[in-house]
Amino acid sequence: MTPHTLVVGGTGMLSGLCEALADDGGRLSILSRHASRTSVGDGFDCDYYDPASFSAGLDAAVARSGPITLAVAWFHTLKIEAPRLLAMQVEGRLFQVLGSAVADPSHPWRLETARERADGSPVCELRQVVLGFKVEAGGSRWLTNREISDGVLDAVRTDRPLTIIGQTKPWSAKP
Ligand SMILES: NC(=O)c1ccc[n+]([C@@H]2O[C@H](COP(=O)([O-])OP(=O)(O)OC[C@H]3O[C@@H](n4cnc5c(N)ncnc54)[C@H](OP(=O)(O)O)[C@@H]3O)[C@@H](O)[C@H]2O)c1
């Protein structure tokens with residue numbers, strides 16, 4: 001079976017990741033509202049706030065390239081149906097890219113809640129990647145798009161259950 005990697009939100013901060021994954025061989029699908037403009041892989045336009053639209057995008061990607069063997073997903077929120085709709089189609093690893101808010105120590109259950117949003121398929125193996133921040137001389141800052149893409153690529157390559165890009169501690173140091 002030809003490997004099929006699917007990236008949700010691959011036209012934004014994960015575009016560097018998509019370029020790297022495209023060089024791996026296999027099939028690459030990108031889902032976003034304007035994914036058909038992408039120059040790497042096959043783009044499928046859809047809106048993840050609209051379950052019918054998102055399902056149609058997933059179905060079209062699977063129809064073209066076969067079962068999804070690796071997925072990377074960045075959703076602005078997980079309180080929608082799309083994360084579970086995606087998980088139900090993945091026959092391999094699914095990397096959830098999560099904003100730094102999941103590391104807020106005053107809400108310690110957020111990582112587990114994110115995990116539950118992708119529950120439901122016995123053949124989908126969930127991994128989590130948390131976007132942190134950088135502390136440098138003179139203060140702290142959010143990650144650049146390059147750091148995010150490189151960090152997610154490293155998470156995929158090393159296959160850790162949980163990856164923090166940058167740092168999330170001390171929480172009080174965040175920008
Ligand atoms: N450290 C942190 O915790 C953290 C967390 C998040 C973001 N950031 C920073 O903030 C910047 C902006 O973040 P961003 O969220 O705008 O990320 P982004 O990755 O630059 O853009 C969002 C991605 O999701 C797609 N998208 C957006 N809405 C969609 C929808 N309804 N349906 C389908 N696809 C959709 C967009 O493509 P289309 O426009 O084609 O739909 C795009 O590919 C990033 O560049 C990053 O540096 C930092």
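1. Helix α2 runs from residue 51 to residue 65 in this predicted model. Its 15 residues reach 21 Å from the first C-alpha to the last. At 1.5 Å a residue the expected figure is 21 Å, and the helix is close to that.

2. The buried residues of α2 are F54, G57, L58, A61 and S65. Around the axis they cover an arc of only 95°, which puts them on the same side of α2. A52 and A63, by contrast, are exposed on the other side of the helix.

3. The cover over the buried residues of α2 includes three strands, β1 (4-8), β2 (27-32) and β3 (42-45), together with the helix α3 (82-87). After α2 comes G66, with a positive phi near 90°.

4. Helix α5 covers residues 145-158. Its 14 residues should span 20 Å at 1.5 Å a residue, and the C-alpha atoms at its ends are 20 Å apart, so the expected and modelled spans agree.

5. Which residues of α5 are buried? They are I148, S149, G151, V152, A155 and V156. Viewed down the axis of α5, these residues fall within an arc of 165° and therefore line one face of the helix. The face turned away from this buried side carries the exposed residues R146, R157 and T158.

6. The packing partners of the buried residues of α5 are one helix, α1 (15-22), and the strands β4 (68-74), β5 (90-98), β6 (124-131) and β9 (162-165). The residue that follows α5 is D159, whose phi is positive and near 60°.

7. Strand β6, one of the elements packed against α5, contains Q128. Is Q128 buried or exposed? Q128 has 21 other C-beta atoms within 10 Å and is buried because the cut-off is 20 or more.

8. Leaving aside residues up to four places away in sequence, Q128 touches Q96, L98, L111, A114, R115 and L162. Q128 and P161 are 33 residues apart along the chain, yet 6.2 Å separates their C-alpha atoms.

9. At the level of the whole chain, the secondary structure comes to 5 helices and 9 strands. Their order along the sequence is β-α-β-β-α-β-α-β-α-β-β-β-α-β. The radius of gyration is 16 Å, close to the 16 Å that the globule rule gives for 175 residues, so the chain is as compact as a globular protein of that length.

10. The C-alpha trace of the protein chain spans about 50 × 30 × 30 Å along its principal axes. Of its 175 residues, 38% count as buried. Among contacts with a separation of 6 or more, 57% are between residues 24 or more positions apart.

11. How many residues surround the ligand? There are 23, and the closest are G9, G12, S32, R33 and H34. By class, the shell around the ligand is made up of 11 nonpolar, 10 polar and 2 charged residues.

Note on methods. Residues numbered from 1 in each chain as written. Predicted model: local features only at pLDDT ≥ 70, side-chain atom pairs only at ≥ 80, totals over all residues. Near = placed C-beta within 6 Å. Nonpolar A, V, L, I, M, F, W, Y, C, P; charged D, E, K, R; others polar. Helix = DSSP H or I, 4+ residues; strand = E, 2+ residues; numbered from the N terminus. Expected span 1.5 Å × (residues − 1). Buried ≥ 20, exposed ≤ 12 C-beta atoms within 10 Å, placed from the backbone. Arc of directions from axis to C-beta. Contact = placed C-beta atoms within 7 Å. Rg over C-alpha atoms; globule rule 2.2 N^0.38 Å.
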